[in-house]
Every structure is written in C-alpha cells, then in structure tokens.
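Q: Please take one part of this model and go through it closely, namely the charged side chains and what lies around them. Start with the overall layout, and give distances and accessibilities as you go.

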Amino acid sequence: GAPRWLEIRVTDTGPGIAPENRERIFHEFEQVVGTGGQAGTGLGLPISRKLARLLGGDLLVESSVGVGSTFVLRLPDSPAAGSPS
C-alpha cells in the first residue's frame with residue numbers, strides 16, 4: 001500500500017518569512033534577518049532538511065509575513081516506506 005507518514009509541525013508567531021526567502025533559509029550560511037536581528041550560523045535548517053531527506057522525508061516551511069511560520073517535518077513511518085523503489 002501507500003506509505004504512511006509521520007508529520008511534526010512547529011508553529012511560531014514571529015514576523016514570518018516572505019515568499020522569496022522561503023527556500024533561502026534552507027541554504028547553508030544564509031539567514032533572513034527580521035526585526036529581532038537573529039544571530040547564528042545559518043546551518044540548523046539546512047542540516048535538518050538534509051537529514052530529513054536522507055531518511056526519505058522532507059522539511060518544509062509555510063509562512064505568512066506578519067503572522068508567523070510553521071515548519072513541517074515529514075518522515076516515513078518506516079525506513080522502507082521512504083526508500084526509492
């Protein structure tokens with residue numbers, strides 16, 4: 001049958017991410033600085049997405065500027081479900 005997925009959603013009420021920046025946040029060493037002037041290396045999201053994809057899943061973002069963002073981690077319920085056929 002079709003693979004089953006585990007989905008974990010984390011939502012914040014921050015400034016949100018503009019559509020043109022949503023893929024940029026998954027590039028190594030890139031950050032989108034909001035009004036708070038966040039600090040960091042810009043590696044957390046790229047590493048997390050790579051790990052999710054190695055497990056046959058993905059890490060995505062849904063966001064509305066001025067409202068907040070939701071990060072969605074999707075993983076297959078078993079390693080075989082996410083493996084290419």
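A: Charged side chains and their surroundings

The chain contains two helices and three strands. The model is a predicted one, and in sequence order its elements follow the pattern β-α-β-β-α. Of the 85 residues in the chain, 26% are buried. The chain exposes about 5800 Å², and 59% of that area comes from carbon and sulfur atoms. Taking contacts between residues at least 6 apart in sequence, 52% join residues at least 24 apart.

Now to the charged side chains. The count of salt bridges comes to eight. One of them is between the side chains of arginine 4 and aspartate 77, with an N to O distance of 3.5 Å. Arginine 4 belongs to the segment before strand E1 (5–11), and aspartate 77 to the loop between strand E3 (68–76) and helix H2 (79–82), so this salt bridge ties together parts that are 73 residues apart in sequence. The two partners fall into separate accessibility classes. Arginine 4 has a relative accessible area of 61%, so it counts as exposed, the cut-off being over 50%. Aspartate 77, at 46%, is partly exposed.

A further salt bridge joins arginine 74 to glutamate 7, with the closest N and O atoms 3.4 Å apart. Here arginine 74 sits in strand E3 and glutamate 7 in strand E1, so the pair links distant parts of the chain, 67 residues apart. Both partners are classed as partly exposed: arginine 74 has a relative accessibility of 28%, and glutamate 7 has 40%.

Arginine 9 and glutamate 62 form another salt bridge, and their closest N and O atoms are 2.7 Å apart. This pair also links distant parts of the chain, with arginine 9 in strand E1 and glutamate 62 in strand E2, 53 residues apart. The relative accessible area of arginine 9 is 43%, which makes it partly exposed. Glutamate 62 is partly exposed too, at 39%.

These last two pairs belong together. Glu7, Arg9, Glu62 and Arg74 are linked in a network of salt bridges. Its members are drawn from strand E1 and strand E3 through glutamate 7 and arginine 74, and from strand E1 and strand E2 through arginine 9 and glutamate 62.

Arginine 74 has a second kind of partner. Its charged end sits over the ring of tryptophan 5, 4.5 Å from the ring centre. A similar arrangement involves arginine 49, whose charged end sits over the ring of phenylalanine 26, 3.7 Å from the centre. Pairs between aromatic rings, by contrast, number zero.

Strand E1 also carries nonpolar side chains. Leu6, Ile8 and Val10 make a nonpolar surface patch of about 260 Å². Leucine 6 is in strand E1 and is partly exposed, with a relative accessible area of 46%. Valine 10 has its place in strand E1 as well. At a relative accessible area of 51%, valine 10 is exposed. Not counting residues up to four places away in sequence, valine 10 touches Ser69, Thr70 and Phe71. Valine 10 and leucine 73 are 63 residues apart in sequence, yet their C-alpha atoms lie 8.5 Å apart in space.

Valine 61, next to glutamate 62 in sequence, gives a contrast in accessibility. Valine 61 lies in strand E2 (residues 58–64). Its relative accessible area is 16%, so valine 61 is buried, given a cut-off of under 20%. Its contacts, leaving aside neighbours within four places in sequence, are Ile17, Arg22, Ile25, Phe26, Ser69, Thr70 and Phe71. Phenylalanine 26, the residue whose ring lies under the charged end of arginine 49, is 35 residues from valine 61 in sequence and 9.6 Å from it in space, C-alpha to C-alpha. Ser69, Thr70 and Phe71 are thus named among the contacts of valine 61 and as the contacts of valine 10.

Notes: Residues numbered from 1 in each chain as written. Predicted model: local features only at pLDDT ≥ 70, side-chain atom pairs only at ≥ 80, totals over all residues. Heavy atoms only, no water. Helix = DSSP H or I, 4+ residues; strand = E, 2+ residues; numbered from the N terminus. Buried < 20%, exposed > 50% of the residue type's maximum accessible area, 1.4 Å probe, protein only. Contact = heavy atoms within 4.5 Å. Salt bridge = Lys/Arg side-chain N within 4 Å of Asp/Glu carboxyl O. Phe/Tyr/Trp six-rings, centres within 6.5 Å; stacked < 30°, edge-to-face > 60°. Lys NZ or Arg CZ within 6 Å of the ring centre and 35° of its normal. Patch = residues over 30% accessible without salt bridge, like charges linked within 9 Å, V, L, I, M, F, W, Y side chains within 5 Å. Areas by Shrake-Rupley, 256 points an atom, 1.4 Å probe, with all protein chains shown as cover.
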